[in-house]
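Here are a few exercises to work through at your own pace. Open the model beside you and try each task before you read its solution.

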Amino acid sequence: MSSAFVYVLAASAVFGVGVYGLIVADHLMRKLLSLNVMGSAVFVLILTVGGATPAGPDPVAQALILTGIVIAVAATAFALALIVRMFQETGLTSLRGRDDDD
Amino acid sequence: MTIGVLVDLMLALALVGLSLRVVTGRALFRDIVLFILFGLVIALSWSRLGAPDLALAEAAIGAGLTGALMLMAYRRLVAGGAEDVAPRRRPPLLAVPVAVLTGALVALIGLAALGVERVPDAAGTIVLEELGASGLGNAVTAVLLVFRGLDTMLEMAVLLVALLGAWAVLGEVHPGRLHQVDRRTPLVGALLTTVAPVTLLIAVHLLLAGTDAPGGAFQAGAVLTGCGVLLVLTGTVRPRAAAGLATKLLVIAGLAAFVMIGASAVALGRAPMSLPGTWAVYLIETAMMLSIAVTMTLLFARARALEPERA
Amino acid sequence: MSPSASTLPGDWIGIALLLLGCAFYGAGTAGLLRFPDVYSRLHALTKADNQGLLLVCAGLAVLARSWRVAALLGVIWLLGLMAAAVSAHLIARHARHSGSRRTSSEERP
């Protein structure tokens, strides 16, 4: 059993967990957390399947992930700004409406 | 099975367990803290996978910065009277099957990709062969700035757009609402006078080291943002009503440096986005570090600009 | 390279320090999980974990056999101490202001 194998399985499981959270979560911030969890899983997957060079993991994959991490935090920051503004306007923290009960 | 794989297994289990807790927990505050922990375990995984650049970035940006942004937004929601604990609802019937199938599909793709023989002329291999010509010792920095400069430039544009978007939905800013901890508390004052210069030093070190060793503009910018976050939290700086010229210049510095050097290459008859020398790498990285730090600090403070608190 | 082939006698000191550090971390974590109130948990966390950090840093410095690395680890330890002191202070202050009480020894189950 190799390290890459372990991380591919872990990334897949974490991605599945993230998808579950995205479906189930009510609170928008928890949906955002789930999305970030899914993103991290994808990053781990990219690096492990990117293959290894004599000088460590593929540098192009690493640069891609580094870019991805920064884009993810930028998108998260913008999403949080939207969530806070939405709460200020409507008093809601989820997409489920006020009278929209199950 | 070696000890290394055992460590990998432990990290993998921690990742799955933490992500489950983050996603299915009922108290948001605790789950944000667990998410930060998840980011730190990912950072450990990066170092296990031999990618120290990513470990640094993940610890500073993925765990630290994202966590700080989340906690700050959480605080704002709670201050406005939002509930922390979600009501227990029955999850949709298809949630578990969909999640399991998605995970299985990703595993299938991942395992299939693992089995593929690496092509001899893969981009990463060529990068390592051409590394000497770039004048840089760190292959990741070389990809970011020399070989795929356009991507990194557009990444700075994304960061700028995120800030502009946040400004657009900012609404009314309440000055003085950011005071979280009184900086006149003796210990906090001592922390500030020691840690602020140290973070500055670490940021500059990461920036300079980034050309040959793990580090670079992103990691340095994230560390510098940590300093900014500290200044915001201790009330050393406070929000201003509108962004001045200095703020605007700092926010676009990274993108502007890239555009100017990349475009001047065309004017001088070289390939677009080619850099005239190592000095250009340092120039662009410094500008990027400043832009990242200012942008992220403003996003954290939910402010258009910050000014020193007089008192 | 198998680890045993290059193990020098001095390395055992480093490994022992690392293990001892881990024991302190374990004790600190046990305290965090088992102690009854905020203040004693903080006590366990800051005191035991800082000692653990010192031992781990010392162990790594011995294993690294380099004054430069040892100095860097020293700086890491100092910064860790400062962060722990300030955050523990702030958490305890917040707990006191929001009315969290210390559990006296008679009340303990």
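The exercises below go from chain contacts to domains, then to cavities and a pocket.

This is a predicted model, in which local features need pLDDT of at least 70 and side-chain atom pairs count only at pLDDT 80 or more, while totals for chains, interfaces and linings use all residues. Residues are numbered from 1 along each chain as its sequence is written, chains are lettered from A and ligands numbered from 1 in the order in which they are written, and side-chain values use heavy atoms, with hydrogens and water left out.

**Exercise 1. Work out which chains touch, and describe where chain B meets chain C.**

Step 1. Start with contact, meaning heavy atoms within 4.5 Å. Two pairs of chains are in contact, and chains A and B share the most contacts. Chain A and chain C have no contact, and their closest C-alpha atoms lie 16 Å apart.

Step 2. Turn to chains B and C: eight residues of chain B are in contact with seven residues of chain C.

Step 3. Add the buried area (the accessible area, with a 1.4 Å probe, that two parts lose on being put together, summed over both). For chain B and chain C this is about 660 Å², with 88% of it on carbon and sulfur atoms.

Step 4. Look for salt bridges (a side-chain nitrogen of Lys or Arg within 4 Å of a carboxyl oxygen of Asp or Glu). Between chain B and chain C the count is zero.

**Exercise 2. Describe how the two domains of chain B meet.**

Step 1. Domain bounds come from an automatic or database domain assignment, which gives domain 1 (1-82) and domain 2 (135-311) of chain B. Their contact takes 13 residues from domain 1 and 19 residues from domain 2.

Step 2. Together, domain 1 and domain 2 of chain B bury about 1300 Å², 72% of it on carbon and sulfur atoms. On the domain 1 side, B:Asp53, B:Leu65 and B:Met72 lose the most area to domain 2, together 40% of what that side buries.

Step 3. The salt bridge count between these two domains is zero.

**Exercise 3. Find the cavities and say what lines the largest one.**

Step 1. Set the terms. On a 1 Å grid over the protein atoms alone, a cavity is a set of points where a 1.4 Å probe fits but cannot get out, a pocket is an open set with protein on both sides within 12 Å along at least five of seven lines, and lining residues have an atom within 4 Å of a point. A volume is the space filled by probe spheres set on the points.

Step 2. The whole structure has two cavities of 30 Å³ or more. The largest has a volume of about 130 Å³, and the second largest about 70 Å³.

Step 3. Of the 17 residues lining the largest cavity, A:Ala77, A:Ala81, B:Arg76, B:Leu299 and B:Arg302 lie nearest its centre. Domain 1 and domain 2 of chain B each give at least three residues to this lining.

**Exercise 4. Identify the residues nearest the centre of the second largest pocket.**

Step 1. This pocket holds about 760 Å³ of space.

Step 2. Its lining has 17 residues, with C:Leu72, C:Leu73, C:Val75, C:Ile76 and C:Leu79 nearest the centre.
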